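Shall we sit down with this model together and practise reading it? A learner asks, a teacher answers.

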Amino acid sequence: MDAEKRRKHPLISSFQFGFEGIAAAARERNVQIHFGISVFVILSGFLFEINKYEWIAVILCIAGMVSLEMMNTAIERTVDMYTEEFHPLAKQAKDIAAGAVLIFAIASVITGLIIFLPKISAWFR
Ligand SMILES: Nc1ncnc2c1ncn2[C@@H]1O[C@H](COP(=O)(O)OP(=O)(O)OP(=O)(O)O)[C@@H](O)[C@H]1O
């Protein structure tokens, strides 16, 4: 398929490709771990009756985390398609993508602690 043909597709196809991407990513172990943690956090949100601002923070953290992990997977795939040989730039590309995931994961854990720690400690009082 040439580049010109590939570019011309109806808008609805973009959504279809997006869902295909989500389905492909859902087969990745790391993405599945994020899905599992997300379900746990959402159930905790209902259990501790967090307010709407806390829900917004939780939803943004979950969406950001899963999206970043998917971008990381996409970068890994692209690098692997280009070379399976050791290359310093391939290492940098994968490590930088992994670093981006790590930064967001740390921010998400801190956000989770700020929201849930006071509620968990109140639970035991
Ligand atoms: N072609 C390469 N050249 C140099 N270093 C690489 C190359 N491929 C991978 N690496 C190094 O190995 C690390 C792990 O790469 P890998 O592709 O196995 O991803 P991963 O972090 O194990 O992710 P996943 O568990 O999702 O597969 C990278 O972060 C990078 O440091």
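The dialogue below goes from confidence to helices, then to annotated sites and the ligand.

Q: Before I trust any detail, what is the mean pLDDT of the protein, and which element has the lowest value?

A: Good place to begin, since this is a predicted model. The mean pLDDT of the protein is 93, and 94% of its residues reach 70 or more. Element by element, helix H1 (residues 3-7) has the lowest mean pLDDT, 61, while H4 has the highest, 97. For the complex, the predictor gives an ipTM of 0.89 and a pTM of 0.87.

Q: How does the length of a helix compare with what is expected, say for H3?

A: The idea is to allow 1.5 Å a residue and compare that with the distance between the end C-alpha atoms. Helix H3 (residues 29-47) has 19 residues, so it should span 27 Å, and its end C-alpha atoms are indeed 27 Å apart. For H2, 15 residues should span 21 Å, and the end C-alpha atoms are 22 Å apart, which agrees. H4 has 31 residues and reaches 45 Å from its first C-alpha to its last, close to the 45 Å expected.

Q: What follows H3?

A: A backbone angle worth a look. Most residues other than glycine have a negative phi. Glu49, which follows H3, has a positive phi, near 50 degrees. This residue lies in the loop between H3 and H4. Glu49 counts as exposed because it has 8 C-beta neighbours inside 10 Å, and 12 or fewer is the cut-off for that class.

Q: Which residues of H4 are buried, and what covers them?

A: Here one counts C-beta neighbours within 10 Å, and 20 or more makes a residue buried. In H4, the buried residues are Val58, Cys61, Met65, Glu69, Met70 and Asn72. Their cover includes helix H2 (11-25), H3 and H5. H2 itself is hardly covered, with a count of 1 buried residue among its 15.

Q: Where does the UniProt annotation "active site" fall?

A: An annotation of this kind is a label to be placed on the model. The unreviewed UniProt entry puts "active site" at Glu69, and that residue sits in helix H4 (residues 52-82). Glu69 counts as buried because 24 C-beta neighbours lie inside 10 Å. Leaving aside neighbours within four places in sequence, Glu69 is in contact with Asn30, Val31, His34 and Val101.

Q: Which residues does the "transmembrane region" annotation cover?

A: With a range, one can ask how the chain runs through it. The unreviewed UniProt entry gives residues 33-50, 56-75 and 96-117. Residues 33-50 are 83% helix and 0% strand, and the end C-alpha atoms of that span lie 23 Å apart. Residues 96-117 are 100% helix and 0% strand, with end C-alpha atoms 31 Å apart.

Q: At which residues does UniProt place the feature "binding site"?

A: Once the residues are listed, the next step is to see how they are spread in space. The unreviewed entry names Glu28, Glu76, Glu85, Phe86, His87, Lys94 and Asp95. They span 68 residues in sequence, and the farthest two C-alpha atoms are 23.8 Å apart, so they do not all gather at one spot. Phe86 belongs to the loop between H4 and H5, and His87 is in the loop between H4 and H5 as well. Phe86 counts as exposed because it has 7 C-beta neighbours inside 10 Å. His87 is exposed with 12 other C-beta atoms within 10 Å.

Q: Which residues are around the ligand in the model?

A: This list comes from the coordinates, so it can be set beside the annotation. Around the ligand are Asn30, Glu76, Thr83, Phe86, His87, Ala90, Lys91, Lys94, Asp95 and Ala98. Helix H5 (residues 88-124) gives the most to this shell, with 5 residues. By class, the shell has 3 nonpolar, 3 polar and 4 charged residues.

Q: Is Arg29, at the start of the H3 range, buried or exposed?

A: The neighbour count settles this one too. Arg29 has its place in helix H3, and it is exposed because 6 other C-beta atoms lie within 10 Å. Its C-alpha atom is separated by 29 Å from that of Ile120, 91 residues apart along the chain.

Conventions:
Residues are numbered from 1 along each chain as its sequence is written. This is a predicted model: local features need pLDDT of at least 70, side-chain atom pairs count only at pLDDT 80 or more; totals for chains, interfaces and linings use all residues. A residue is near a molecule or strand if its C-beta atom, placed from the backbone, lies within 6 Å of it. Helices (H or I, at least four residues) and strands (E, at least two) are DSSP runs, numbered from the N terminus. Ala, Val, Leu, Ile, Met, Phe, Trp, Tyr, Cys and Pro count as nonpolar, Asp, Glu, Lys and Arg as charged, and the others, Gly among them, as polar. UniProt positions are given in the numbering used here, feature names are shortened, and annotations may be inferred rather than shown by experiment. Two residues are in contact if their C-beta atoms, placed from the backbone, lie within 7 Å. pLDDT is the predictor's confidence in each residue, from 0 to 100. The expected span of a helix is 1.5 Å times one less than its number of residues.
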